[in-house]
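Q: I have a model open and would like to learn how to read its features. Where do we start?

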Amino acid sequence: MTHDTVQTAPIDGQKPGTSGLRKKTRVFMQEHYLENFVQSVFEAIGGGQGKTFVVGGDGRYFNAQAIQTILKMAAANGAAKVIVGQDGILSTPAASHLIRLNKTDGGFILSASHNPGGIDEDFGVKFNAANGGPAPEGLTGKMFEATKTISEYRIARFEDVDLGSIGTSERGGLTVEVVDPVADYAALMESLFDFDAIRTMFQSGFTMRFDAMHAVTGPYAKDILEGRLGAASGTVANGDPSEDFGGGHPDPNPIWAKPLMDLMMSDDAPDLGAASDGDGDRNMIVGRGIYVTPSDSLALLAANATLAPGYKNGLAGVARSMPTSGAADRVAEKLGIDCFETPTGWKFFGNLLDAGKATLCGEESAGTGSDHVREKDGLWAVLLWLNILAERKQPVQEIVEEHWRTYGRNYYTRHDFEAVPVEKAGALMDGIVARLGDLEGQSFAGLAVTGADEFSYTDPVDGSVSTNQGLRIWFEGGGRAVLRLSGTGTEGATIRLYLEQYRAPQEGTTDPAAEVLEPLRQAVLELAGFEKHVGRVEPDVIT
Ligand code: VG1
Ligand code: CO
């Protein structure tokens, strides 16, 4: 068995973004590209000697090949063992669980999440630390530094490992254990939720459609929903992971999961609709005739979590990313628990979860999760919803509207302007930053600004500071706009504009969101100068 040391040189742009390193697949397939990054990860964590890692991905194009490369590099870097999902498949939350369950030193998750897959689409690599969570900023910073000085990487030369059969083998001093990607995860879900109650609900005629979007959650959802919980066969749609996700965007929102939305708004709608993304960490929840925004879903789950056995003792606290609406804050206030506001990206929840300060976390981008793993978890959110529905025995719409009547409603929408030339997006953002101090008191499209800042976060656990995490602008009447640049795109820049308007119960909670948010939208379009900088005011995607 030979372990080669290969000469290489730094490659520009290997800076991990919101969620790992994400590039066009062809970029990843270039000579040394993946290898440089993986070696830099080993350097950043102090080497691989004697360590154990988890490796798996969402099954997209290049997944299997990249796993073989990582196995060979792990061997050459002295790792003792790698645990791999069968056929290279592991959802992000399942990988997080395996890292924790087996007390490993971390894991490589191969995914570009909700971005499309295929040779002409996107690929990505994320490294999760020993707590099961995404590498924190300090660590991703070290990885990036290592990519800038790298001169060689280590790789073993051995035949590809058969990932199709479960079992343990040995290559070049490395033990490779191929495991069932679903079993341990499903057992974890069974420990958190009342599967008997959910099974009884399905037996009594409750219907559901789960759109796995041709992505990684299919096998998990089939095993758990149709297998263990007895949902009708066919409940899981698009359940076989494909290399290009059936040619679609595996992004669970009303735009990319339109067939599910159409069904849920029709007379044939089942009781619950749900979908998840490429790597299984996001979720979409739709009731018959009602889409539940992820921000509302977080608040609803927080308000009802004690109905599930795993959370019966209550929540230590909740946390949400800054652009996520304040709906969860109102629930936390009523429960008398803390609500933390973090920058975008799950890595910022890790310390709060590890320290026991937060039990539930969520993001407006359809990510919800808890302290059961250190990632957001799509199927977990669906199961918590099912558990709540089994206990409350009310339609989703009734539960949501009751929640609004109790807490008021945070009307919410996100507008994405995609593939904007990087300089133009930068100019728009810089233009606001330059005026931040003067905005208060000025009016735009008839709405006065009451405050504006650039969000910085000081981690309450380790004191680390993250600056430049998005622009916040508050308007009279309680409206809030947030602008930030996406850190997961692979083409140009994506400007995300988040709009939120709170209305108290007596002010009306069932008006169309677009109508309620229109004055705010007009004000921020004018303030930011979208027409001038981007040449348009209509976004590509509205969620
Ligand atoms: C987006 C979302 C963010 C999420 C991230 C990773 O980031 O806004 O909330 O954590 O994707 O999710 P950005 O920087 O593009 O806004 V996933 O499902 O890609 O792991
Ligand atoms: Co994802």
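A: We start with a polar contact to a ligand, keeping in mind that this is a predicted model. A polar side-chain atom of Ser365 lies 2.6 Å from an oxygen atom of ligand 1.

Q: Which other side chains should I read in this way?
A: A pair of N or O atoms counts as a polar contact within 3.5 Å. For Ser113, a polar side-chain atom is 2.5 Å from an oxygen atom of ligand 1. For Lys376, an N or O atom of the side chain is 2.9 Å from an oxygen atom of this ligand.

Q: How many residues surround ligand 1, and of what kinds are they?
A: The shell is read by counting and then by class. There are 21 residues around ligand 1, and Thr18, Ser113, Gly487, Thr488 and Arg496 are the closest. The shell holds 10 polar and 11 charged residues, and no nonpolar ones.

Q: Where does ligand 1 sit?
A: Ligand 1 is found in the largest cavity.

Q: Which protein atoms are donors of the cobalt ion (ligand 2)?
A: Donors are read atom by atom. The OG atom of Ser113 and OD atoms of Asp277, Asp279 and Asp281 are the protein donors, at 2.0 to 2.1 Å from the cobalt ion. Their spacing along the chain is S-x163-D-x1-D-x1-D. Both Asp279 and Asp281 are buried.

Q: Why does Phe37 count as buried?
A: Buried means under 20% relative accessible area. Phe37 counts as buried because its relative accessibility is 2%. Phe37 belongs to helix α2, residues 33-44.

Methods: Residues numbered from 1 in each chain as written. Chains lettered and ligands numbered in written order. Predicted model: local features only at pLDDT ≥ 70, side-chain atom pairs only at ≥ 80, totals over all residues. Heavy atoms only, no water. Near = heavy atom within 4 Å. Polar contact = N/O pair within 3.5 Å; in protein donor to acceptor, adjacent residues only side chain to side chain. 1 Å grid on protein atoms, 1.4 Å probe; cavity = no way out; pocket = protein on both sides within 12 Å on 5 of 7 lines; lining within 4 Å. Sits in = over half its atoms within 2 Å of the grid points. Nonpolar A, V, L, I, M, F, W, Y, C, P; charged D, E, K, R; others polar. Donors = N, O, S within 2.8 Å, 3.2 Å for Na, K, Ca; no water. Buried < 20%, exposed > 50% of the residue type's maximum accessible area, 1.4 Å probe, protein only. Helix = DSSP H or I, 4+ residues; strand = E, 2+ residues; numbered from the N terminus.
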